[in-house]
Amino acid sequence: MPDARSFARPADPDDDAVLLRDVVVRAAGEDRRPSRTILTVDGLRLTERRIGVLGANGSGKSTLLRLLNGLQLPDSGSVTVHGLDTRRDGRAVRALVGFVFTDPLSQLVMPTGREDLELSLRRSVPRKDRAARAQEILERFGLATLADQSVYELSGGERQLMALASVLAVEPRVLALDEPSTLLDLRNRELLRRTLAELPQQQVLATHDLELALDMDRVLVVDRAEIVFDGDPASAVAFYRELSLSGTP
């Protein structure tokens, strides 16, 4: 009798990767028709646990991140995350990829962190279990004593950690973080940095923070709507410094 395993679908290494193929994203003009190109990616395969993205404002790095969970769909080409297409499988992709915005106040929609966490849990945890699960997450991130304060009373770092906790509450496999340290002072930036280093999720992080970029396993540099460098963090940071200062008097 044939071994049933011989009929099994072979493992596809791309099912554990983030893939962009022949991607073009264009900005909409006044008539809502695509006009200028804001990002092109011929081919990109992301498998490392921590991936940084460097680039000037307007270079396309935030667009790259937004492609990963379907906040932005490509005008042509495809984006797949662990085998799921962002256009065809949008809801499943958004469950798989958590997105952390630059400003946590654009993400924390409820009056307190506890309420925001319970809101995040509404689709995955039965109502009767949400309070206990939210408390567990708050304690994990050292936020339990801040849970019932207004989010407007929290420091920038506390807000960012609360927003991160809300995203992680649904247990995504991938985190896309768009300049999460930009609004933080040094103490809170280091707190966020340590927290991210301990997370098991794959992380794709856009940043202007070169020290944070050096913590990554791989770094991309985006310039004028294209990926112009892809390599180890130290080399990427050196390349980005030279690129940024090349036109400086």
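# Helices, cores and two loop residues

User: Let us start with Leu177: buried or exposed?
Analyst: Leu177 is buried, because its relative accessible area is 0% and anything under 20% counts as buried. Please keep in mind that this is a predicted model.

User: Where does Leu177 sit, and what does it touch?
Analyst: Leu177 belongs to strand β7. Setting aside neighbours within four places in sequence, its contacts are Leu65, Val100, Leu164, Leu196, Gln203, Val204, Leu205 and Ala206.

User: And how far is Leu177 from Thr207?
Analyst: In sequence, 30 residues separate Leu177 from Thr207. In space, their C-alpha atoms are 8.5 Å apart.

User: You listed Leu164 there. What does Leu164 touch in turn?
Analyst: Again without neighbours up to four places away in sequence, Leu164 contacts Val100, Leu175, Leu177, Leu192, Thr195, Leu196 and Leu199. Leu164 is also one of the residues with the most contacts inside the largest nonpolar core, together with Leu54 and Leu143.

User: How many residues does that largest nonpolar core have, and which elements supply them?
Analyst: The core has 39 residues. Two or more residues come from each of α4 (127-140), α5, β7, α6 (186-198), α7 (210-214), β9 and α8 (233-245). Helix α5 gives the largest share, seven residues.

User: What other core is there?
Analyst: A separate core of 28 residues lies apart from that one, and it includes Val18, Ala27, Val174 and Val222. As general background, nonpolar side chains in soluble globular proteins tend to be buried together.

User: Back to α5. At what angle does it cross α6?
Analyst: The axes of α5 and α6 cross at roughly 20 degrees and come within 9 Å. The two helices are therefore roughly parallel to each other, as angles under 35 degrees are counted that way. Their crossing is right-handed.

User: Which residues meet there, and of what classes?
Analyst: From α5, the residues are Gly157, Glu158, Gln160, Leu161 and Leu164. They meet Asn188, Leu191, Leu192, Thr195 and Leu196 of α6. By class, this contact has five nonpolar, four polar and one charged residues.

User: How do α3 and α5 cross?
Analyst: Helix α3 (residues 113-120) and helix α5 (residues 156-168) have axes that come within 8 Å and cross at roughly 20 degrees. That angle makes α3 roughly parallel to α5. The crossing is right-handed. On the α3 side, the contact is made by Gly113, Asp116, Leu117 and Ser120, and on the α5 side by Met162, Ala165 and Ser166. These residues divide into three nonpolar, three polar and one charged.

User: Then what about α3 and α4: at what angle do they cross?
Analyst: Their axes cross at roughly 120 degrees and come within 9 Å. Helices α3 and α4 are therefore oblique to each other, and their crossing is right-handed. Arg114, Leu117 and Glu118 of α3 meet Arg130, Ala131, Ala134, Gln135, Ile137 and Leu138 of α4. This contact has five nonpolar, one polar and three charged residues.

User: I noticed Leu117 in α3. Buried or exposed?
Analyst: Leu117 counts as buried, because its relative accessibility is 0%. Leu117 lies in helix α3.

User: Which residues does Leu117 touch?
Analyst: Not counting residues up to four places away in sequence, Leu117 touches Ala134, Ile137, Leu138, Ala165, Ser166 and Ala169. Of these, Ala134, Ile137 and Leu138 are among the α4 residues that meet α3, while Ala165 and Ser166 are among the α5 residues in contact with α3.

User: How far apart are Leu117 and Val167?
Analyst: The C-alpha atoms of Leu117 and Val167 are 8.3 Å apart in space, and the two residues are 50 apart in sequence.

User: New topic: loops. What is notable about the phi of Glu171?
Analyst: Glu171 has a positive phi of about 55 degrees although it is not a glycine. Glu171 is in the loop between α5 and β7 (174-178).

User: And Ala225, where is that?
Analyst: Ala225 is in the loop between β9 (218-223) and β10 (226-231). Its phi is also positive, about 75 degrees, and Ala225 is not a glycine either.

User: Of each, buried or exposed?
Analyst: Glu171 is exposed, because its relative accessible area is 54% and values over 50% count as exposed. Ala225 is buried, with a relative accessible area of 10%.

Technical notes. Residues numbered from 1 in each chain as written. Predicted model: local features only at pLDDT ≥ 70, side-chain atom pairs only at ≥ 80, totals over all residues. Heavy atoms only, no water. Axes fitted to C-alpha atoms, helices over the stretch in contact; angles between N-to-C directions. Helix = DSSP H or I, 4+ residues; strand = E, 2+ residues; numbered from the N terminus. Parallel < 35°, antiparallel > 145°, perpendicular 65-115°, else oblique. Left-handed = near helix turned anticlockwise from the far one by under 90°. Contact = heavy atoms within 4.5 Å. Nonpolar A, V, L, I, M, F, W, Y, C, P; charged D, E, K, R; others polar. Buried < 20%, exposed > 50% of the residue type's maximum accessible area, 1.4 Å probe, protein only. Core = buried A, V, L, I, M, F, W, Y, C linked by side-chain atoms within 4.5 Å.
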